[in-house]
Amino acid sequence: MRLEIQCEDRIGMVREILDLFIPHQIDMRLVEMDTKRRCIYCGFLDIPFLQLQRLLAEIRRLESVEDVKTVIFTPFEREHNALYTLLEALPDGVISVDLKGEITMVTELAAEDLNVLIADLLHKPLQQFIKGISFSKETWANPKVGMSKRIRIRNKTLLLETKPFFVSDDDGIENPAGTVIYLKSELRLDRQTASLKQAPNAECHLEIYFQSAVIKSESMRRALAEAKAFAGMAMPLLVHGEVGTGKRDFIEALFQYWHKQQVDPEAQLIIRHARDMTCDAIIELDALSGWFVITDIEYLDEQVQVDLANWLTRQPSVVSSFDASVRLISLSSLSRQQLSDGMTLNKSLYFALATLHLAMPSLRERREDIDGLVQQVILEQTERYRLPIPTVSKSALTKLALYSWPGNLKELQNTCLQALLTLKGKAWTADDLMLPESSTMASLELINDSLEITLKQWEANLLRTLYPNFPSTRRLAKAVGMSHSAIANKLKEYGINTKLPD
């Protein structure tokens, strides 16, 4: 429990406050002063509510006390946690030592580099864990300048950089207080460079957000062209596509593209789930500026649908994106047919929302983009989870490209993450990737009452299953005992080798 006591800054104030805690037998854990805000903070274990009420009343009766209330944390605790969060977000490991060379603070990445738990590092001499360097007591006690040294830990080369820090006394004289050590690795530096190249630029076009490697497919190029054509319009836009196709990410990129061309710097992208929409939220639309996105529009409450349809009816029929204050964009995982049948959405609302519509292609329609998407996902996840970047074999990429991906991009991300966590530092092969078996292979029903069509479908499915293990026409031909030209023709007929490198 924390108390914030606002009071005058006078001698004896703290003692008078602390004396009130003694009769209550409260064990103080924290006392903090904030002279700028004229506040004293006290921390202790939770006490019963009635006892707390009596204590607050006693504190309020003290001379010079203006207010007292409970708070969740103190300013020091907030700043302390903000600092730790910032340090953990850095790409380098960070260690702080005192004037004796003992560790007072260490980040998880630094502990990982040293291969020691954080709890086992704290308050121990740094030199105990880094054998490649030797510092005298004088070096730690009187740090003057920083230095750089190359060290080797666990067969990994690291760059160790030190920087002393100082604390000023009441006379403004800076006194040494300790040293901060940075542990940098070449692997992490390469990963940062790759992330910088890959990261979207908020001031650039969609082609830069969506790198060329992930828009090779005709379906994705078409969606991108339509999105650019719709970006400058103020009419409502409906974006539909299967679960996991990346509709929200696409809209965020499109907003960046649109926002660059606008004169209104206050325009915002606001995203709400349909279940969180209320009638009051519809009224508030008139006061907003920018894009208002409703995800999973099919979950709108019936009364909210009516109010939203009425709001759309009141909007001007002809308006440019420079004149409009807010543009309504809706996202759905249902098809246009499902949305327009009148069972899910009010029909008048649907046709108002679908003034413009954009279809997000599934991953099955983007097989040419799989290679680029896999590399993109791997770079994102290795940076986020600080894992080594693996090599992905051609057989693994082939297996990924031939899979049906019912979960689309989300399933691809999950598959890559599982492989990264279980195959640390190992090259990916087709056998390493655990994908569900294709349900089409289990079906032996006659297709269109035609034995020939059924056999061709079965043969196509079989070749798709075999190809990841023999990812070239020559190797596959040898495996099944057919000529190279015959296999090449079959792969072409079934659309297998036309989308993957041989």
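Two strands are taken as paired if DSSP finds at least two bridges between them. In this predicted model, strand E7 (residues 147–153) and strand E8 (residues 156–168) meet that rule with seven bridges, in the antiparallel sense. Ile153 has Lys156 of E8 as its bridge partner. Two residues lie between the strands of this hairpin. Arg154 takes a positive phi there, near 55 degrees.

Strand E8 also pairs with strand E9 (residues 174–185). The two run antiparallel and are joined by 11 bridges. Val167 is matched with Asn175 of E9. The hairpin of E8 and E9 has five residues between the strands. Here Gly172 takes the positive phi, near 80 degrees. E8 thus has bridges to E7 and to E9. In a regular strand, side chains alternate between the two faces of the sheet.

Salt bridges were considered next. The count comes to 14. One of them joins the side chains of Asp113 and Lys156, with an N to O distance of 3.0 Å. This pair links distant parts of the chain. Asp113 belongs to helix H4 (residues 108–114), Lys156 to strand E8, and 43 residues separate them. Lys156 is also the bridge partner of Ile153 in the E7 and E8 hairpin. The two ends of the salt bridge fall into separate accessibility classes. Buried means under 20% relative accessible area. Asp113 has 0% relative accessibility, so Asp113 counts as buried. Lys156, at 28%, counts as partly exposed.

A salt bridge also spans strands E8 and E9. The side chains of Lys184 and Glu161 meet at 3.1 Å, N to O. Lys184 lies in E9 and Glu161 in E8, so the pair ties together parts 23 residues apart in sequence. Lys184 has a relative accessibility of 28% and is therefore partly exposed. Glu161 is partly exposed too, with a relative accessible area of 21%. The strands that carry this pair are the ones joined by 11 antiparallel bridges.

Helix H9 (residues 218–231) holds both partners of a further pair, Glu218 and Arg221. Their side chains form a salt bridge of 2.9 Å, N to O. The two residues are three apart, about one turn of the helix. Glu218 has a relative accessible area of 48%, which makes this residue partly exposed. Arg221, at 40%, is also partly exposed.

Salt bridges also form a network. Glu4, Arg37 and Lys69 are its members.

Helix packing was examined for helix H15 (residues 370–385) and helix H16 (residues 394–402). Their axes come within 9 Å and cross at roughly 110 degrees. Angles of 65 to 115 degrees count as roughly perpendicular. H15 is therefore roughly perpendicular to H16. The crossing is right-handed. On the H15 side, the contact involves Ile370, Asp371 and Val374. On the H16 side, these meet Leu397, Leu400 and Ala401.

Notes
Residues are numbered from 1 along each chain as its sequence is written. This is a predicted model: local features need pLDDT of at least 70, side-chain atom pairs count only at pLDDT 80 or more; totals for chains, interfaces and linings use all residues. Side-chain values use heavy atoms; hydrogens and water are left out. Helices (H or I, at least four residues) and strands (E, at least two) are DSSP runs, numbered from the N terminus. A salt bridge is a side-chain nitrogen of Lys or Arg within 4 Å of a carboxyl oxygen of Asp or Glu. Buried means under 20% relative accessible area, exposed over 50%, partly exposed in between (1.4 Å probe, protein chains only). Axes are lines fitted to C-alpha atoms, for helices over the stretch in contact, and angles run from 0 to 180 degrees between N-to-C directions. Angles under 35 degrees count as roughly parallel, over 145 as roughly antiparallel, 65 to 115 as roughly perpendicular and the rest as oblique. A crossing is left-handed if the near helix is turned anticlockwise from the far one by less than a right angle, and right-handed if clockwise. Contact means heavy atoms within 4.5 Å.
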